[in-house]
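User: Hi! Could you walk me through this model?

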Amino acid sequence: MDINEAISGRRSVRDFTAQAIDDQSIRNLIDAAVHAPNASNGQEWTFTVVRDQGLLDRISRAAKVHMLATLPAGPQSDRYRTSLSNPDFQIFYHAPALILISGVAQAPWVVEDCALAAENLMLAAYAQGLGTCWIGFAQGYLNTPEGKNALGLPATWVPVAPIIVGHPTTMPAPVARKEPEIRWVG
C-alpha cells in the first residue's frame with residue numbers, strides 16, 4: 001500500500017468483529033511503531049498488549065469514573081458525560097486488543113516520541129486491513145497509580161497512547177477536512 005493511501009484512508013474504528021489479533025500481527029505493528037522518529041534516538045517507549053476482555057472491562061469502568069470526576073465544565077464535556085454515564089458503554093469498544101504505548105517519565109519528549117510511534121502503528125494496522133482508535137478516555141486513568149497498577153506498569157512509566165486494534169466490521173466513511181491555514185514566512 002502506498003503511504004499516501006494509508007494516510008488518507010486510515011480512520012478511527014470503533015466497531016470490531018470478535019476475531020482475535022494474532023501475536024505476529026501485533027509484533028508487526030510494534031515493529032512499525034519502533035521505526036518512528038524519536039528524540040536523540042532514545043527509543044524511550046514500551047508496549048503493553050492487553051487482550052483480556054475482563055481486564056479491559058474493569059479498566060473501562062474505572063476510567064469512566066475517573067473521567068466523570070475530572071471533566072471540566074462545558075458543552076464538549078456535557079456530550080462526553082452522556083456516553084461516560086452509560087453503563088453499557090465500554091471505552092475500548094470491545095476491540096480484541098489494546099496496545100498501550102508508554103514512555104519513560106524522565107525523557108524530555110516522551111509524549112512526542114510515543115505519539116509518533118502510535119501514528120506508525122495505526123498506519124501499519126490500516127495497511128494490514130486492521131482498524132485502530134486512540135482511546136483518549138483511557139489516558140487520564142491509566143496515568144494514575146491505580147491505572148498503572150491495573151496493568152502492572154512501573155510508577156516511572158507515562159502511559160501516552162492507548163490504541164485499540166481489531167478487525168473492523170466496516171470502515172468508517174471519510175470525513176471532510178478543513179482547508180489548512182498556512183502562513184508562509186520569508
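Analyst: Happy to; here is a short chat about the sheet, one residue in it and the pockets. It is a predicted model, where local features need pLDDT of at least 70, side-chain atom pairs count only at pLDDT 80 or more, and totals for chains, interfaces and linings use all residues. Residues are numbered from 1 along each chain as its sequence is written, and side-chain values use heavy atoms, with hydrogens and water left out.

User: Thanks! In what order do the four strands of the open sheet come?

Analyst: The order is 1-2-4-3, with antiparallel pairing. Strands are DSSP runs of E, at least two residues, and helices are runs of H or I, at least four residues, both numbered from the N terminus. Two strands pair if DSSP finds at least two bridges between them.

User: Which strands stand at the edges?

Analyst: Strand 1 and strand 3 (131–134); each has a single partner strand, so one side of each has no neighbour in the sheet.

User: And how many bridges join strand 2 to strand 4?

Analyst: Eight, between residues 97–104 and residues 157–166. One of the partnerships is Gly103 with Val158 in strand 4.

User: Cool. Switching to Thr46: buried or exposed?

Analyst: Thr46 counts as buried because its relative accessibility is 16%. The cut-offs are under 20% relative accessible area for buried, over 50% for exposed and partly exposed in between, using a 1.4 Å probe and protein chains only. Thr46 sits in strand 1 (residues 45–50).

User: What is Thr46 in contact with, leaving aside neighbours within four places in sequence?

Analyst: Leu100, Ile101, Ser102 and Trp157, where contact means heavy atoms within 4.5 Å.

User: Now pockets. What volume does the largest pocket have?

Analyst: About 280 Å³. A pocket is an open set of points on a 1 Å grid over the protein atoms alone where a 1.4 Å probe fits, with protein on both sides within 12 Å along at least five of seven lines; lining residues have an atom within 4 Å of a point. Of the 13 lining residues, Arg10, Arg11, Ser12, Val175 and Arg177 are the closest to the centre of the largest pocket. Helix 1 (3–9) and helix 5 (110–127) each give at least two residues to that lining.

User: And how much space lies in the second largest pocket?

Analyst: About 240 Å³. Helix 4 (75–85), strand 3 and helix 6 (136–142) each give two or more residues to the lining of the second largest pocket, and helix 4 has the largest share, three residues.

Definitions and conventions: Points joined across faces, edges and corners; volume = space filled by probe spheres on them.
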